[in-house]
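Here is a short briefing for a first look. Start with the ligand, then turn to what the record marks.

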Amino acid sequence: MSRKPTLAVVGATGAVGSVMLDVISRRADVWGEIRLIASPRSAGRKLRVRGEEVTVQAISEEVFEGVDVAHFDLPDEVSAHWVPIAAAKGVIVVDKSGYFRMDPDVPLVVAEANPEAVRNRPKGIIANANCTTLALIPSLAALNRSFGLVSMSVASYQAASGAGQAGFDSLYDQLGAVAGKRDLGTVSGDVREAIGEGGDDTFGAPLALNVVPKVGGWRPDGWTSEELKVRNESRKILDLPDLKVASTCVRVPVATGHSQAVHATFSSPVSADAARKVLAEAPGVTVVDDPDNNVYPMPIDATGRDDTLVGRIRTSIDFDNSLEFFVVGDNLLKGAALNSAQTAELLLPELS
Ligand SMILES: NC(=O)c1ccc[n+]([C@@H]2O[C@H](COP(=O)([O-])OP(=O)(O)OC[C@H]3O[C@@H](n4cnc5c(N)ncnc54)[C@H](OP(=O)(O)O)[C@@H]3O)[C@@H](O)[C@H]2O)c1
């Protein structure tokens with residue numbers, strides 16, 4: 001019988017790494033040894049995967065010996081350092097950081113859109129797209145195949161856990177600081193005062209009782225890194241280098257689940273009914289669209305679901321060949337761990 005490949009999860013203690021362990025545990029048992037790796041701070045901790053306790057090891061060159069595939073769930077700058085070290089040891093890396101995504105020699109893979117791209121990886125590195133882009137791609141890929149996507153305008157409503165465990169913790173700390181204070185929101189500055197010092201640290205501004213129109217770092221001409229990721233990564237995954245994209249990314253006080261309002265224009269005529277039919281058949285998509293009964297996609301319903309949810313599908317009134325719709329995806333599942341698990345499984349035929 002052929003050997004089952006060895007898998008590593010690097011950053012296993014983080015927000016995405018923890019969900020990665022759950023995803024691996026509930027999917028087909030295709031991996032042999034599973035090695036858990038994090039910073040030296042976490043060495044010796046025990047985490048559960050596939051129903052067994054596994055001891056976390058500190059990252060080092062040696063820890064990658066004998067590993068076939070590694071999920072990297074690390075901050076950008078840490079991935080930038082360690083991914084090439086692991087790849088040089090022959091490990092196929094599936095990296096979730098933003099560092100390698102736009103490298104022309106690194107494929108950016110989404111199983112529903114471009115699974116064949118896993119085979120062309122000259123550096124031994126495969127990148128996982130950003131969580132906001134990943135919520136969009138299963139719907140966009142299906143609509144593009146049927147109607148030819150030409151342009152899109154996207155406004156996001158992104159969850160706190162998109163900023164990692166620190167984001168999740170910060171939202172709950174802030175909600176604790178405002179809970180029960182029903183006079184807040186009546187006087188300028190009162191919410192900032194209630195949240196107190198450090199309220200700007202994680203999201204750039206307080207998030208409780210607020211929305212923050214900044215996700216990621218600032219880039220030239222007033223764009224944020226997140227907004228540019230939606231544009232550049234969608235173009236690369238869909239192989240549409242001329243796709244026109246306008247994007248505004250906003251953080252909202254939601255724990256998990258990135259939502260997006262999308263206006264998309266196509267090269268062929270499209271109607272809401274035709275789009276609904278295409279999306280109903282699309283892999284990785286569940287249509288949730290019954291407005292008369294108040295049924296539409298929302299983060300509280302998308303949390304913990306593998307599929308991205310799409311609804312509020314409308315034929316545009318004032319724009320030819322265009323649709324309006326609302327998409328929600330669990331940023332830690334399809335937006336991170338699930339997509340990278342699917343990508344790693346695409347490698348199995350060549351590893352067995
Ligand atoms: N959160 C999301 O929705 C999301 C979605 C898509 C992609 N991503 C990307 O996924 C990656 C992980 O994000 P996250 O949200 O899970 O972050 P996180 O909660 O902050 O976790 C970071 C992980 O990296 C480890 N780490 C940090 N510094 C390290 C070092 N010097 N050496 C070794 N390990 C180190 C941490 O280990 P310790 O616990 O030992 O410190 C922890 O396991 C990031 O690149 C992020 O951009 C996140």
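Helices here are DSSP runs of at least four residues, numbered from the N terminus. By that count, Cys131 belongs to helix H3, which covers residues 131-147. The model is a predicted one. A ligand sits in its largest pocket. Cys131 helps to line that pocket.

**Around the ligand**

- The shell around the ligand holds 27 residues.
- Thr13, Ser39, Arg41, Ser42 and Leu74 come nearest among them.
- By class, twelve of the shell residues are polar, eleven are nonpolar and four are charged.
- Four helices each give at least two residues to the shell: H1 (15-26), H2 (76-88), H4 (164-178) and H9 (333-346).

**Backbone contacts and cover**

- Which backbone atoms face oxygen atoms of the ligand? Those of Gly11, Gly14 and Ala15 are among them.
- A polar backbone atom of Gly11 is 3.1 Å from a ligand oxygen.
- For Gly14, a backbone N or O atom also lies 3.1 Å from an oxygen atom of the ligand.
- For Ala15, the distance from a polar backbone atom to a ligand oxygen is 2.9 Å.
- On its own, the ligand has 900 Å² of accessible area, and the protein covers 80% of it.

**Active-site annotation**

- An unreviewed UniProt entry gives the annotation "active site" to Cys131 and His258.
- Why can these residues be said to gather at one spot? They span 128 residues in sequence, yet no two of their C-alpha atoms are more than 7.7 Å apart, so they meet in one place.
- From this set, the lining of the largest pocket includes Cys131.
- The ligand sits in that largest pocket too.

**Domain annotation**

- The unreviewed UniProt entry also carries the annotation "domain: Semialdehyde dehydrogenase NAD-binding", which covers residues 6-121.
- Over residues 6-121, the chain is 22% helix and 23% strand.
- The end C-alpha atoms of that stretch are 19 Å apart.

**To take away**

- The largest pocket holds the ligand, and Cys131 is part of its lining.
- Cys131 also lies in helix H3 and shares the record's "active site" annotation with His258.

Technical notes:
Residues numbered from 1 in each chain as written. Predicted model: local features only at pLDDT ≥ 70, side-chain atom pairs only at ≥ 80, totals over all residues. Heavy atoms only, no water. Near = heavy atom within 4 Å. Polar contact = N/O pair within 3.5 Å; in protein donor to acceptor, adjacent residues only side chain to side chain. Areas by Shrake-Rupley, 256 points an atom, 1.4 Å probe, with all protein chains shown as cover. 1 Å grid on protein atoms, 1.4 Å probe; cavity = no way out; pocket = protein on both sides within 12 Å on 5 of 7 lines; lining within 4 Å. Sits in = over half its atoms within 2 Å of the grid points. Nonpolar A, V, L, I, M, F, W, Y, C, P; charged D, E, K, R; others polar. UniProt positions renumbered as here; feature names shortened; annotations may be inferred.
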